[in-house]
Amino acid sequence: MSFKTDTWAHQAETLIRKLKERGMDAVYYATGAEAREAILAELPDGAVVTWGGCMTIEEIGLAEAIRTSEKLNFLDRTKATTPQERRELYARQTLADYFFLSANAISMDGQLVNIDGMGGRVACLITGPEHVYVVCGMNKVAPDLDCALKRARNVAAPINNVRLGKEHYCTKMGKCGDCMASDCICNQIVITRRNSGAPGRIKVVLIGEELGY
């Protein structure tokens, strides 16, 4: 185990305790492969599963495993091509059994920070799907809420704008310019300071790897 991953494992112990104090379940896995297999084992046959934009579950192979599973009902948001289809698919997502996303940052006291463009991803985090899994690499953990907000705006958002091919201030300068672009992906900034649904509805899966943005 490297010094970095050893430190992450110790940080995770504290973070898991803080997340549980906020009504969220939490668990730590050293690798993405371990997390993937554990999560798949928890999904029952016939479950309706979907997610918001999430590079982390792609990187650990969870997204592909769900897409190709014969036992799960996968709602593919990319198949919606018209505004009406997107609206109908989103309505179905809110009733999903399992919804996956990551976090743009997590503070060491257990608060989740997410930035969203249209708001569907954070809306499903807040309410709707019966079970929500927040799958997150330990590289996204910040010392406090202020640092978590700065990470979300100045690290995650610029990289995601580059990934999406957007020409904004942050893509050129590498940090948030508090822009008002019509195609801004930072319209909603949500802080989840406590689980607001049934106890354990939100489960945070921490992974001892650098994943996502």
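Two strands are said to pair if DSSP finds at least two bridges between them, and the strands themselves (E, at least two residues), like the helices (H or I, at least four residues), are DSSP runs numbered from the N terminus. The structure is a predicted model, in which local features need pLDDT of at least 70 and side-chain atom pairs count only at pLDDT 80 or more, while totals for chains, interfaces and linings use all residues. Residues are numbered from 1 along each chain as its sequence is written, and side-chain values use heavy atoms, with hydrogens and water left out.

One may begin with the sheet of six strands, which is open, has parallel pairing and follows the order E1-E10-E7-E4-E2-E3. Its edges are strand E1 (25-29) and E3, each of which has a single partner strand, so one side of each is left without a neighbour in the sheet. Moving inward from E3 (residues 73-74), one meets strand E2 (residues 48-51), which runs parallel to E3 and is joined to it by two bridges; here valine 49 has phenylalanine 74 in E3 as its bridge partner. E2 also pairs in the parallel sense with strand E4 (residues 98-101), over three bridges, and tryptophan 51 has phenylalanine 100 in E4 as its bridge partner. Phenylalanine 100 in turn stands opposite tyrosine 133 in E7, where E4 and E7 pair in the parallel sense over four bridges. Strand E7 (residues 131-137) is mostly covered, since six of its seven residues are buried, buried meaning under 20% relative accessible area, with exposed over 50% and partly exposed in between (1.4 Å probe, protein chains only). On to strand E10 (residues 202-207), six bridges join it to E7 in a parallel arrangement, and glycine 137 stands opposite isoleucine 207 in E10.

A further sheet, of four strands, is open and mixed in its pairing, with the order E8-E5-E6-E9. Strand E8 (141-142) and strand E9 (188-192) stand at its edges with a single partner strand each, so one side of each is left without a neighbour in the sheet. Strand E6 (residues 112-116) runs antiparallel to E9 and is joined to it by five bridges, with valine 113 having isoleucine 191 in E9 as its bridge partner.

Asparagine 114 also lies in strand E6, and at 1% relative accessibility asparagine 114 counts as buried. Leaving aside residues up to four places away in sequence, asparagine 114 touches a set of residues that includes Leu101, Ser102, Ala103, Leu125, Gln188 and Val190, where a contact means heavy atoms within 4.5 Å. Two neighbours are linked to its side chain through polar atoms: the side chain of arginine 121 makes a polar contact of 2.8 Å with that of asparagine 114, and the backbone nitrogen of asparagine 104 lies 3.4 Å from a polar atom of the asparagine 114 side chain. A polar contact is a pair of N or O atoms within 3.5 Å; within protein, one must be able to donate a hydrogen and the other to accept it, and residues adjacent in sequence count only if both atoms are side-chain atoms.

Helix H7 (residues 145-163) has 19 residues, which at 1.5 Å a residue should span 27 Å, and its end C-alpha atoms are 26 Å apart, which agrees; the expected span is 1.5 Å times one less than the number of residues. H7 bends by about 30° at alanine 157, and proline 158 follows within four residues, the bend being the angle between axes fitted to the seven residues ending there and the seven starting there. At the N-terminal end of H7, aspartate 144 acts as a cap, with a side-chain oxygen 3.3 Å from the backbone nitrogen of aspartate 146. The buried residues of H7 include Ala148, Arg151, Ala157 and Asn160, and what covers the buried residues includes strand E5 (105-107), E6, E8 and helix H8 (169-173). Just after H7, glycine 165 takes a positive phi of about 70°. Aspartate 178, in the loop between H8 and E9, has a positive phi of about 50° although it is not a glycine.

Finally, how many disulfides does a search of the whole structure find? The search finds zero, a disulfide being a pair of cysteine sulfur atoms within 2.5 Å. The sulfur of cysteine 54 is 8.8 Å from the closest cysteine sulfur, in cysteine 136, too far for a bond. Cysteine 170 is likewise in no disulfide, the nearest cysteine sulfur, that of cysteine 186, being 6.3 Å away. Cysteine 54 counts as buried at 8% relative accessibility, and cysteine 170 counts as buried at 10%.
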